[in-house]
Amino acid sequence: MDIDGLKRPFRPNGDKNIYIAINGKRSWSGYNLYLVPSRIARYESNGIEYDSDEVFSTTIHETAHTSHILIMNSGLIQYIQVSTLIRESWPIAVEWWLTKLEYKNTRGIINYGDYNFSTPVQYPNRYAYQYWNKSISSVDYTTMFINLFDNHNELNQWYGGIQGTINDLVQDYTFSGIESNILVHSYGNTSLTNNLKNFKPNGVTNEQIDILMQYY
Amino acid sequence: MKEKVKVYFLLSLLSFSSCEDMSSTTFLGIVNNESGHSIKIIPYKEGKIKESAIVILINGEQYQGTYYSERGILGDSPLNLEFIYDTDSIIVTFDDTIKAFHYTEFNENPYNRFYNRESDRSLYNIKSYEKDIKDLSKKERKVNYVYTFSIDDYLDALSVH
């Protein structure tokens, strides 16, 4: 599978990542405790069964948590000092991008994960999550890293009846670049913003980064 | 010392045990016809009718979309009504004669009532829907979006007919 230059989560002693499929209703779609196998649920708490792309997406999300822990210099000890917003927004971006690569590029669903992908799948894959804003959505599961990467400004655009409110003028960061240079030294919005400015792509200004980051 | 390390490690684990929101919100779109007339909702994409998404309601009837669920306790989520997604315009007819147009792109229609997306009567605008929120528990929320066609909608369409 193409993971676009991201690091695979090889554990220190060569241990494998293990996932357990939960054949039952849960109020979560997946969770990761790092030292024990990740859980991925089959049904939502209301009995609705997740589609296979949603299960795929959740599995990527949990795996991205493990990768994030492993790239921190002291692993878990440093990871727990990272803000919940960064800890959750990073896997949101990775699951969006890798699920899109798989379902659009490999399996051929023409606009999967794009800004006009309206099929009702779990966020972040529907409308590329561009309808997210702090007042209506989860405050930790944000579009922060998606917006650093994409070249789409959602401000005033429409997504299933909701108008985008974030003025996203930033683009062209790569996920592998963020993972290698930025994430490893970022614990909260201040350190993240400084690191983003230190490693910004050509054409992106500090002012544009500040404008984007004020929404999170 | 070993015990201390164990306790610290356990605390560390617990501190990020919830890496997914352990809660969910279920959304449902509903359309009520209280206009006193029969209505037909006909969605279009690029000039072609999306047949599978046509909705016909006699007066007093209700249409429900399909349930849609998201992680977390949320305020809003995109509308999950089939006549909304993957369409670019909708014609609503009252008694198969009086028409109202709902557009996603800015448009003007001097011969019929029309609503652009910013309108609070547009089927494409979540603000046109009354929001009914029920918190079933701390971990479970239900949100219904309800659009109600009233006699005023009929009269409004009739006035430009």
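**Entry 1: D95(B)**

I began with the surroundings of D95(B) in this predicted model, and asked whether D95(B) is buried, exposed or partly exposed. I counted 13 other C-beta atoms within 10 Å, so I noted D95(B) as partly exposed, since a residue is called buried at 20 or more such atoms and exposed at 12 or fewer. I then placed D95(B) in chain B, in the loop that runs between strand 7 (89-94) and strand 8 (98-103). Turning to the backbone, I found that D95(B) has a positive phi of about 50°, although it is not a glycine.

**Entry 2: Y34(A)**

I looked up Y34(A) next, where phi is positive at about 65° although this residue is not a glycine. Y34(A) is found in chain A, in the loop between strand 2 (30-31) and strand 3 (38-44). Is Y34(A) buried or exposed? I wrote down buried, because 23 other C-beta atoms lie within 10 Å.

**Entry 3: the sheet of chain A**

From that loop I went on to the strands of chain A, and found an open sheet of 3 strands in the order 1-3-2, with mixed pairing. Strand 1 (19-26) and strand 2 stand at the edges and have a single partner strand each, so one side of each is left without a neighbour in the sheet. I followed the pairing of strand 1 with strand 3 of chain A, which is parallel and extends over 6 bridges. Within it, I noted that A21(A) has I40(A), in strand 3 of chain A, as its bridge partner. I also checked what lies across these strands, and recorded that helix 1 (residues 52-71) of chain A lies across strand 1, strand 2 and strand 3, running at about 155° to strand 3.

**Entry 4: a cis peptide bond in chain A**

Which residues does the cis peptide bond join? I found that it joins Y123(A) and P124(A), with omega at about 15°. P124(A) has its place in the loop between helix 3 (84-106) and helix 4 (144-149) of chain A.

**Entry 5: F114(B)**

Back in chain B, I looked up F114(B), which lies in strand 9 (residues 113-115). I noted F114(B) as buried because 20 other C-beta atoms lie within 10 Å, a count that meets the cut-off of 20 or more. Leaving aside neighbours within four places in sequence, I listed F101(B), Y103(B), N107(B) and N109(B) as the contacts of F114(B). I also recorded that F114(B) and A100(B), although 14 residues apart in sequence, are 5.5 Å apart in space, taken from C-alpha to C-alpha.

Key. Residues are numbered from 1 along each chain as its sequence is written. Chains are lettered from A and ligands numbered from 1 in the order in which they are written. This is a predicted model: local features need pLDDT of at least 70, side-chain atom pairs count only at pLDDT 80 or more; totals for chains, interfaces and linings use all residues. Helices (H or I, at least four residues) and strands (E, at least two) are DSSP runs, numbered from the N terminus. Two residues are in contact if their C-beta atoms, placed from the backbone, lie within 7 Å. Two strands pair if DSSP finds at least two bridges between them. Axes are lines fitted to C-alpha atoms, for helices over the stretch in contact, and angles run from 0 to 180 degrees between N-to-C directions.
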